[in-house]
Structure formats: C-alpha cells, structure tokens
Amino acid sequence: MGGKPPTCDPDAQPDPADRDYAWPRRARVVVLVSGRGSNLQSLIDARCPIALALSNVPDTPALRRARAAGIPTHVIDHRAFPSRAAFDAALAERIDRPERADLVVLAGFMRVLGGDFTDRFAGRMINVHPSLLPAFPGLRTHERALAAGAATHGCTIHFVTQELDAGPVIARARVPVRPNDSAASLAARVLEREHRILTRAVHWFVTGRLRLHDGEARLDGRRIGDD
Ligand code: GRF
C-alpha cells in the first residue's frame, strides 16, 4: 500500500465506512463511564453493539442513556472499596464476565486505573482524551490550552497503557482556537470531534483493522502516523 500513513481525523482523511457503520454481531464492547455520557451516546447513535455500560458513579446521566437504549448497565462504586486495587479488581472481573471483553472503551471514565488493570487490558482498551496528546494530559484541558495561547487544540483516541493519557495514538482531530473562545465554547467544538473519532476507532477495532502491535497502534497492518 502506498500513500501517507493513516492518522485518523475523519475530516482530514475520510473513510467510506464512516457514513454507515456495519458492526460485527459478536463483538463484546464494554464502555466505562462516569458522567454525562455524550461519547457513549455517539456510539449508541452509530448502532455500535455495546454489551455493557459500567459506571463508578450511581445514577449518572450516562447510565440513563444506556438504559434508554436497552443496554445492560452496572455500577461499581469506588467509594465502597478499601483501596484502588480492590476497586480495579472488581471492575476487571465484571468487564470480562460472562465472557472476555473484546474492547474496553474509557468514555469519560474519571478514575485513574492501576498498572495491574491496564496490563490486563493492554491492547484491548482505548481512551478518549480532550486534547492533542501529548499536550495537556490530565484535567481541565480546554482552560489550559487557552491559558497557554494554543492556536490549535483538539482530541485524541489512544490505547491505554500504565502511563496516564500517554498510550499509542490511534486518532487525533484538530480544532482551531478562535480569538473569542471560552473554555466552554472550545470544549463544545472539541466534543463534536471526539464523538466522531471515537466511533471510528471503535469500529476499526471491532472489525479487526486496528491493533496494538509491538507498542504501536496499527491500522490495516500499518503504523498510525503522528500526523
Ligand atoms: C470528554 O471530554 C472526554 O474526552 C473526557 O471526559 C469527557 C466526557 O464526556 N475524558 P462525556 O461523558 O462522554 O459526555
């Protein structure tokens, strides 16, 4: 195959499959959420087969969205556990029950996961992060991008590794910062792009096109470029 290596902004690099996703029937996708659930909703709207929506927060909007779509939900409240390791173990156990999950999607899941957990799900867990990683890992990314005077902001989908917000990049979408942007207006434009690249990345994975290989994200066997 010739041409540029894949980098995955749907606007920069359209993929005919984006228009009407065809999903395999047997994929077990588990989505981890903590709050609003708009990324979960984008997967629901694309008719992604979600086996389970798991939350660490009881009665959160994300769970209501899942229930409205007929998706099984489960809550594992982190406050009920004596340690992070104990919480992680309960979460891992539920994700792989009754069958091993093919893919775990962190879609606004607001708990830091320990190394045993990230190792167990290595190569089958992805995260959506609201910045152009490696810029602005962590929280309050939109405020920090504005404070730093960034001309371009955006979002990233990456495989999850032990290091927070730092695994191999699968997709990035760039969003120009406007002179009069507030954190909220910038966040809203970034969020739209999150929804699109997350859905695309999940589809790539469950159709067997996307893999983590030797520490690199590969699409159709080719290393995904930085840009
Ligand atoms: C998104 O901006 C995501 O990138 C970040 O948390 C936010 C969750 O939003 N990790 P939602 O719950 O999917 O609406």
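What is the order of the strands in the open sheet of three, and is the pairing parallel or antiparallel? The order is β8-β9-β10, and the pairing is antiparallel. Keep in mind that you're looking at a predicted model. Besides that little sheet, the things worth a look are a ligand that sits in the largest pocket, two cis peptide bonds, one from R97 to P98 and one from L133 to P134, and a couple of residues with positive phi, D214 and R47.

**The ligand and its surroundings**

- Start with the pocket: the ligand has settled into the largest one. Two elements each give two or more residues to the shell around the ligand, namely α1 (38–45) and β5 (125–129).
- Who's in that shell? Going along the chain, you'll meet R36, G37, S38 and N39, then G108, then V128, H129 and P130, and finally E194.
- Sorted by character, the shell residues come out as five polar, two charged and two nonpolar.
- Two polar contacts reach oxygen atoms of the ligand. For G37 the partner is a backbone N or O atom, 2.8 Å from a ligand oxygen, while E194 uses a polar side-chain atom, also 2.8 Å from a ligand oxygen.
- V128 deals with a nitrogen atom of the ligand instead: a polar backbone atom of V128 is 3.2 Å from that nitrogen.
- How much of the ligand does the protein bury? On its own the ligand would expose 360 Å², and 86% of that is buried by the protein.

**The three-stranded sheet**

- Strands of a sheet pair through backbone hydrogen bonds, and they can do so in a parallel or an antiparallel way.
- Here the sheet is open and the pairing is antiparallel, in the order β8-β9-β10. β8 (210–213) and β10 (222–223) are the edge strands with a single partner each, so each has one side without a neighbour in the sheet.
- Between β8 and β9 there are four bridges, in the antiparallel sense. One pairing to look for is H213 with E216, its bridge partner in β9.
- β8 and β9 form a hairpin with two residues between the strands, and D214 there takes a positive phi near 50 degrees.
- On the other side, β9 (residues 216–219) is joined to β10 by two bridges, and these strands run antiparallel too. Look for R218, whose bridge partner in β10 is R223.

**Backbone details in the loops**

- P98 belongs to the loop between α3 (84–95) and β4 (103–106). The peptide bond leading from R97 to P98 is cis, and its omega is near 0 degrees.
- P134 is in another stretch, the loop between β5 and α5 (141–147). The bond from L133 to P134 is cis as well, with omega near 15 degrees.
- R47 isn't a glycine, yet its phi is positive, at about 65 degrees. You'll find R47 in the loop between α1 and β2 (50–55).

Methods: Residues are numbered from 1 along each chain as its sequence is written. This is a predicted model: local features need pLDDT of at least 70, side-chain atom pairs count only at pLDDT 80 or more; totals for chains, interfaces and linings use all residues. Side-chain values use heavy atoms; hydrogens and water are left out. A residue is near a molecule or strand if one of its heavy atoms lies within 4 Å of it. A polar contact is a pair of N or O atoms within 3.5 Å; within protein, one must be able to donate a hydrogen and the other to accept it, and residues adjacent in sequence count only if both atoms are side-chain atoms. Accessible areas come from the Shrake-Rupley method with a 1.4 Å probe; for residues, only the protein chains shown count as cover. On a 1 Å grid over the protein atoms alone, a cavity is a set of points where a 1.4 Å probe fits but cannot get out, and a pocket is an open set with protein on both sides within 12 Å along at least five of seven lines; lining residues have an atom within 4 Å of a point. A molecule sits in a cavity or pocket if more than half of its atoms lie within 2 Å of its grid points. Ala, Val, Leu, Ile, Met, Phe, Trp, Tyr, Cys and Pro count as nonpolar, Asp, Glu, Lys and Arg as charged, and the others, Gly among them, as polar. Two strands pair if DSSP finds at least two bridges between them.
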